[in-house]
Amino acid sequence: MNRIWRRAACGVICAYLVAGLPAHGGQAAAGKHFDLIEWNGGKFIYGADYYPEAWPESQWEKDATMMQEAGINFVRMGEFAWAKMEPREGEFDFAWLDRALKVLNAHGIRAVLGTPTASPPAWLYEKYPDIAAMDANGLRYRYGSRRNYCIHNSDFLAATTRIVTAMAEHFKDHPGVLGWQIDNEVGDPKCFDPISQAAFQAWCQRKYHTLDALNAAWGTIFWGHTYQDWREIPLPWNTLFDTHNPSLALDFDRFQSTSTHAYLDLQVAILRRIAPSKAITHNEMGMYSGVDYYDLSRSLDFVAWDNYPMFQKDYTQYTEVGLGHDLMRGAKDNENFMIMEQEGGLPGWSVFFGRQAPPGLYHVWAYQSVAHGADGVCYFRWRTSRYGTEQYWQGILDQDSYRNSRYWVVAQTGKELQQLAPLLHGSTVISQVALLVSPDSRWAFQIQPGVEDFEYDRQLHDFYDAFRRAGVSMDVVFPPSDLSAYRIVVAPALYVSDQALANKLSAFVKNGGTLILTFRSGVKDEHNVVTDRTLPGPFADIAGVAIHEFDPQINEEQEIVGPGDSRFPARTWSDILDASTAKTVATYGKGYYAGKPAVTENQAGKGWVYYVGTESKSPFFYDRLVSLAATKSLLALNQKIPTGVEVAIRQKSGKKIVFVLNYTGTEQTVPLDQAYRNALTGKTESMDVQIPAYQVKILTE
Ligand code: GLA
Ligand code: GLA
């Protein structure tokens, strides 16, 4: 290491002497439960994303004082500061970060440091222009923006290794550094350059071993796309008619996800080797589909994610964010997580992306994170930037550092969360219903939606929203997850599945579970090739139905009759069901297949399978289906929760912590199953609990 690096080491030692911080819990061993609150010295993690490099040092002390006053004990820093950490190749300067840590630590604030690879320095692009990714038209990106690098480029991997090693060496024993966030929101872009093509070909060779196996799996006989040499295999770059073999395209999505994971693992290996006492996380993106988060999260001590509720068009539609939380919790087998970027103000880049939210909603959104399993909330960002692309992305403070209404909301929330920390510590979300998300099906639908109006995530929400409207917690599970704890599994549009997954779901049902399947399930095998079995393919037996005809609903003219006498509009698709052993729950109302089954119910072993052959715009349709499934599974519902109010529950030693969240601008009355004690005031609340506009109540037994 060079001169500048050695000089910086002194700053670290000085910081140790003044920090006066309690010892932290250290890193959880692989496979073990990671206790976030213990890791933060018993305090609820409460923080802000902070960019000291962009503000005069004379301002740091004032910032730290104001943070402490707002209850902040945590910051994330550094994830875009590569150019400042390594101003010239191989020459490191962490002294500024040591000084920032010293100021923050003295105010009881500890840090997660971002490895800065999300924004490589200009000099790196100048020297190695090919580290930039190439788009699907064969054009190489150039310097500018961020995260436009190629994860297969060896010069970039070498530069990554160098900066991450230097950072790990420098901070490995720093008591004010709790751990690392690797890069920032990994995933895109995909790189279509020759190096990436060779990497894909090698990945294919490892997967299929022989070209005969690959040609058979992908069905390359179609249009004579048969490969005789691994080097002939293309990438799904832009082509005439924009068409590619869907089997190749799905494998390319898997390859991109695996490569992203490998890039993360390159950093994980360095950090674990040099700094084993520090924890490792990454800021994931909730519903983002570019990466298989279940797979990626295997490498992390805990999941963190970036939560921006203001992207919702209607703030009372809280399920949009709720599902993001639950998917993130599911990515690490239902373990508690933290929010690395919680919305702290109005978002925007060249324009503001919406309208300002009432200050109370920032409070409710922070509690929504906690209610869904967050043991830490870190706001993006401490203060709005004066510079660059994100001048219109508000932090808690605006550029003038005035203690505005958001600041006071953050301060109040922070105070409450520390009061609640002992109660929250060790509590988790426990669900009896799971939603199966299949990354393969999600990708395959992006490749071939089948019908224009099809949206995989909407299929998830149709049922997720209905269960949540009835006050039922849901876990998100992935194909490898254990299903044994659930009474109901909803597996919408399970388009791509292998026999192992089909067997697992079948065993779940035969052991007494209730499974809800929907249209376009069992259509494709694991290679994204259409089955030659009668649909729904591997699920036909347990569902007790056969599909010999279907009708895409491009004009939305069909209607659903049932359950009971109700009528609902149909959209997207109609599977015309032929019920063998299944009982009809709803039929189609119009046209040449009027009267034929649209929804069926079938007993298989000790359990039940619902097959829903169509979709509806009406939420009541899903409320009815959820009621039916809940009755079969003896699951209690609360059908009196007002619209725009969420009831979410964490549990600890068999006792409930109930969060009642009001996203509406009016006071609401919410009937609960019993009278609870208010966890903040200690007073017993009525069973019909009153929640003021944009407020939350936290209740315990
Ligand atoms: C054209 C082509 C066929 C087939 C059909 C359907 O008619 O000649 O090979 O591709 O379109 O796409
Ligand atoms: C993401 C990034 C942040 C910031 C915000 C706002 O969440 O992780 O660095 O850019 O978006 O744009």
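This is a guided tour of a predicted model, moving from its sheet to a helix, then to a ligand and finally to a loop residue.

**The sheet**

Begin by selecting the strands β1 to β9, which form an open sheet in the order β5-β4-β3-β2-β1-β9-β8-β7-β6, with parallel pairing. At the edges you will find β5 (279-281) and β6 (283-284), each of which pairs on one side only. Strands of a sheet pair through backbone hydrogen bonds, either parallel or antiparallel. For a closer view of one such pairing, select residues 74-77, which are strand β2, together with residues 110-114, which are strand β3; four bridges join these two parallel strands. Within this pair, Met77 stands opposite Leu113 of β3.

Next, add residues 95-105 to the selection, and you will see helix α5 lying across β2, β3 and β4 (177-181), with its direction at about 170° to that of β2. Residues 405-424 make up helix α14, which also packs on the sheet, where it touches β1 (45-49) and β9 (374-380) and makes an angle of about 150° with the direction of β1.

**Helix α7**

Now select residues 154-171, the 18 residues of helix α7, and place a distance marker between the C-alpha atoms at its two ends: they are 26 Å apart, which agrees with the 26 Å that the helix should span at 1.5 Å a residue. The N-terminal end of α7 is capped by Asn153, which has a side-chain oxygen 2.8 Å from the backbone nitrogen of Asp155. Colour the buried residues of α7, and the selection will include Phe156, Ile163, Val164, Met167 and Phe171.

**Around ligand 2**

Move to ligand 2 and show the residues around it, among them Phe80, Arg146, Tyr308, Trp349 and Trp393. Three further side chains deserve a look in turn, beginning with Asn184, which has a polar side-chain atom 2.8 Å from an oxygen atom of the ligand. In the side chain of Glu185, an N or O atom is 2.7 Å from an oxygen atom of ligand 2, while a polar side-chain atom of Glu390 lies 2.3 Å from a ligand oxygen.

**A loop residue, Gln558**

Finish at Gln558, in the loop between β14 (545-553) and β15 (559-561). Is Gln558 buried or exposed? Its relative accessibility is 6%, and because buried means under 20%, Gln558 counts as buried. Follow its side chain to the backbone nitrogen of Lys590, which Gln558 reaches at 2.9 Å. Beyond its neighbours within four places in sequence, Gln558 is in contact with residues including Gln553, Pro569, Tyr588 and Tyr593.

How values were computed. Residues numbered from 1 in each chain as written. Chains lettered and ligands numbered in written order. Predicted model: local features only at pLDDT ≥ 70, side-chain atom pairs only at ≥ 80, totals over all residues. Heavy atoms only, no water. Expected span 1.5 Å × (residues − 1). Buried < 20%, exposed > 50% of the residue type's maximum accessible area, 1.4 Å probe, protein only. Polar contact = N/O pair within 3.5 Å; in protein donor to acceptor, adjacent residues only side chain to side chain. Pairing = 2+ DSSP bridges. Contact = heavy atoms within 4.5 Å. Axes fitted to C-alpha atoms, helices over the stretch in contact; angles between N-to-C directions. Near = heavy atom within 4 Å.
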